[in-house]
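Colleague: Could you take me through this model, a few residues at a time, and then through some of the helix packing?

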Amino acid sequence: MSLATASDFEPAPTPAPLVLTPFLLAAAGVALADWLFYGWDVGISLALFLALLGIAGVAGNRVHATRKTMIVMAVIFVAGLAALVEDVSLLSVMVGLLITALFVIVLTAEETASWQRRLLEAATTPLRGPFQLAGDVFRTLTRIKGQVPGWLKIGSLIAWIIPLTAFAVFLGLFASANPLIEYRLEKIDFSVLLDLLSSLRIAFWGIILCAIWPLMLRRVRRKTARESGARPGIALRSSEASDHGDLFGVQAIWRSLILFNALFALQGGLDLVYLWGGATLPDGMSHAEYAHRGAYPLIITALLAAAFVLLAMRPGGPAEQSRLIRPLVLAWIGQNVLLVVSSIFRLNLYVAAFSLTYLRLAAFIWMGLVAAGLLLILIQIMLRKPVSWLVTANAATLALVLYGCCFINAPRIIAAYNVAHCREAGGAGPSLDLNYLRSLGPQALPALEPRLPQIPALQPTISDLRSDRNACPNAQQRLENWRAWGFRTWRLQRYLANNPSTPPVPVESGKG
């Protein structure tokens with residue numbers, strides 16, 4: 001009995017090795033963050049910090065992943081950092097932080113888990129940091145109680161009071177008697193130490209420490225038998241109750257699909273007549289207004305339709321009890337795909353009439369994602385894939401699109417489109433919104449300056465963008481510091497270096 005009981009428990013690890021290494025790594029991480037970020041603009045320094053943080057997190061914990069997993073995660077880790085090297089934006093920072101946490105978590109995890117759980121664990125890493133740090137510090141202090149070295153005990157510390165006090169008195173006396181000592185003491189700048197220990201800087205250290213601590217000391221929670229055991233009885237009863245209910249039963253589903261298909265066919269027909277066919281709209285309504293009023297609501301409609309399809313085609317659901325539901329669902333998905341294509345066309349008409357903006361560019365990307373999701377639902381139904389496959393495929397598509405957006409120079413794209421389609425350039429679009437172009441920032445300069453000979457009205461905007469870049473006296477110094485380096489910013493610097501002044505505006509000679 002005693003042998004069996006003893007085998008159920010692992011021997012308690014030695015307190016010092018358990019906590020010393022993570023604390024040292026965390027302290028090094030805080031020092032590195034202070035050197036890279038505090039008082040400096042953020043650029044390639046963030047990619048460097050996350051690279052070292054990921055390596056330290058893996059090195060400070062035991063690696064349990066297979067070689068194949070290590071290679072895949074290393075490639076993903078480098079790709080995530082590449083987005084930060086290209087440009088530091090909100091999206092690239094989120095991608096970099098999430099991939100760094102995933103890199104450490106996946107390589108050091110002892111138990112198998114779904115990618116959804118790993119993603120949630122990575123996303124909540126900074127939020128868990130303060131609680132895990134407090135718990136680990138408390139456990140460490142509890143373990144080392146009674147094992148404090150002699151030189152750290154209260155009696156030993158009290159014994160330092162008299163020596164240090166006497167030393168300070170003698171030092172003061174020597175300083176008053178010896179000008180060299182007095183001179184050296186006066187050279188000591190205690191304000192540097194005070195600046196180093198400012199409340200703002202200490203708060204910065206604390207935030208960094210809490211954010212990185214869960215990666216320095218991994219806490220793996222193993223499932224108990226009670227948690228891992230399935231409860232099929234409850235699942236079966238709930239499934240049966242929902243499937244045989246009148247509210248979401250077979251009849252309700254196929255009736256809904258018939259009505260939905262008819263309604264969507266009507267909407268699609270109207271778009272074919274008025275948008276694609278160019279039919280005359282009612283008085284007082286332009287094609288741009290018609291397109292704008294329908295672009296965003298139709299996307300919401302498509303999302304709700306996708307949710308209804310998942311409800312109808314769930315395993316053991318109504319689709320398996322009626323042959324009529326499956327073809328109705330396939331037809332409805334096809335109509336939803338056409339609906340999204342129509343929404344994209346609507347938005348394109350609206351942009352052509354009212355120019356391109358950040359939100360409209362994001363809307364194009366969002367509509368493409370919705371269309372991809374509908375196509376994946378269609379593939380899932382046709383190939384009879386499980387719902388987990390659909391979730392994974394949609395998540396992978398979303399991740400790839402968001403990662404690709406990190407490398408899109410949106411200000412340059414927007415500026416290039418607007419100046420190419422504006423009335424001043426002979427296009428069918430509206431007149432240029434110079435205030436909006438100015439708000440795009442210096443990244444729009446390479447798209448605006450080549451158009452200056454054709455559109456002289458751009459001269460004030462271009463001059464403002466160039467002057468804003470040097471409005472701060474230390475702007476150039478900050479840009480030249482390697483911590484703030486970014487590939488996109490570097491490309492802009494090279495452009496400005498090769499084009500130090502705006503191209504001259506041709507002056508029309510008078511007729512004589």
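**Local residues and helix packing**

Modeller: Let me begin with G60, which has a relative accessible area of 22% and is therefore partly exposed (buried means under 20%, exposed over 50% and partly exposed in between, with a 1.4 Å probe and protein chains only). Before going further, please note that this is a predicted model in which local features need pLDDT of at least 70 and side-chain atom pairs count only at pLDDT 80 or more, while totals for chains, interfaces and linings use all residues. Residues are numbered from 1 along each chain as its sequence is written, and side-chain values use heavy atoms, with hydrogens and water left out.

Colleague: OK, and where is G60 placed?

Modeller: G60 belongs to the loop between α3 and α4, where helices (H or I, at least four residues) and strands (E, at least two) are DSSP runs numbered from the N terminus.

Colleague: Which residues does G60 touch, leaving out those up to four places away in sequence?

Modeller: With those left out, G60 touches L25 and M216, a contact meaning heavy atoms within 4.5 Å. There is also a C-alpha separation worth noting, since G60 and V104, which are 44 residues apart along the chain, have C-alpha atoms separated by 10.0 Å.

Colleague: M216 turns up there, so let's go to the packing of α3 and α12. What is the angle between them?

Modeller: Helix α3 (residues 44-59) packs against α12 at an angle of about 40°, and their axes are 9 Å apart. The axes are lines fitted to C-alpha atoms, for helices over the stretch in contact, with angles running from 0 to 180 degrees between N-to-C directions. That angle is why α3 counts as oblique to α12; under 35 degrees would be roughly parallel, over 145 roughly antiparallel and 65 to 115 roughly perpendicular, with the rest oblique.

Colleague: And which residues make that contact?

Modeller: On the α3 side they are F49, L53, A56 and G57, and on the α12 side I208, I212, L215 and M216. Sorted by class, the contact of α3 with α12 has 7 nonpolar residues, 1 polar and no charged ones, where Ala, Val, Leu, Ile, Met, Phe, Trp, Tyr, Cys and Pro count as nonpolar, Asp, Glu, Lys and Arg as charged, and the others, Gly among them, as polar.

Colleague: Staying with α12, what does F204 touch, not counting residues up to four places away in sequence?

Modeller: F204, which is in helix α12 (residues 199-216), touches A33, D34, F37 and Y38 on that basis. For F204 and F37, the C-alpha atoms are separated by 9.8 Å, although the two residues are 167 apart along the chain.

Colleague: Now α4 and α5. How far apart are their axes?

Modeller: The axes of helix α4 (residues 67-86) and helix α5 (residues 90-108) are 8 Å apart, and the helices pack at an angle of about 160°, which means α4 is roughly antiparallel to α5. By class, 15 nonpolar and 5 polar residues make up the contact of α4 with α5, with no charged residues. Among the residues that meet there are M73, F77 and L81 in α4, and V95, I99 and F103 in α5.

Colleague: What about α17 and α18, at what angle do they cross?

Modeller: They cross at roughly 165°, and their axes come within 10 Å, so α17 is roughly antiparallel to α18. The residues of this contact divide into 21 nonpolar, 3 polar and 2 charged.

Colleague: Which loop holds S355?

Modeller: S355 is placed in the loop between α17 (325-354) and α18 (358-383), and its phi is near 80°, a positive value in a residue other than glycine. Most residues other than glycine have a negative phi. R384, in the loop between α18 and α19 (387-405), likewise has a positive phi, near 55°, and R384 counts as exposed because its relative accessible area is 65%.

Colleague: Is N418 buried or exposed?

Modeller: N418 is buried, because its relative accessibility is 9%. N418 is placed in helix α20 (residues 410-421), and, leaving aside neighbours within four places in sequence, N418 is in contact with S355, L356, L432 and L437.

Colleague: Finally, how many helices and strands are there in the protein chain?

Modeller: The protein chain has 25 helices and 0 strands, and 33% of its 512 residues count as buried. Of the contacts between residues at least 6 apart in sequence, 72% join residues at least 24 apart.
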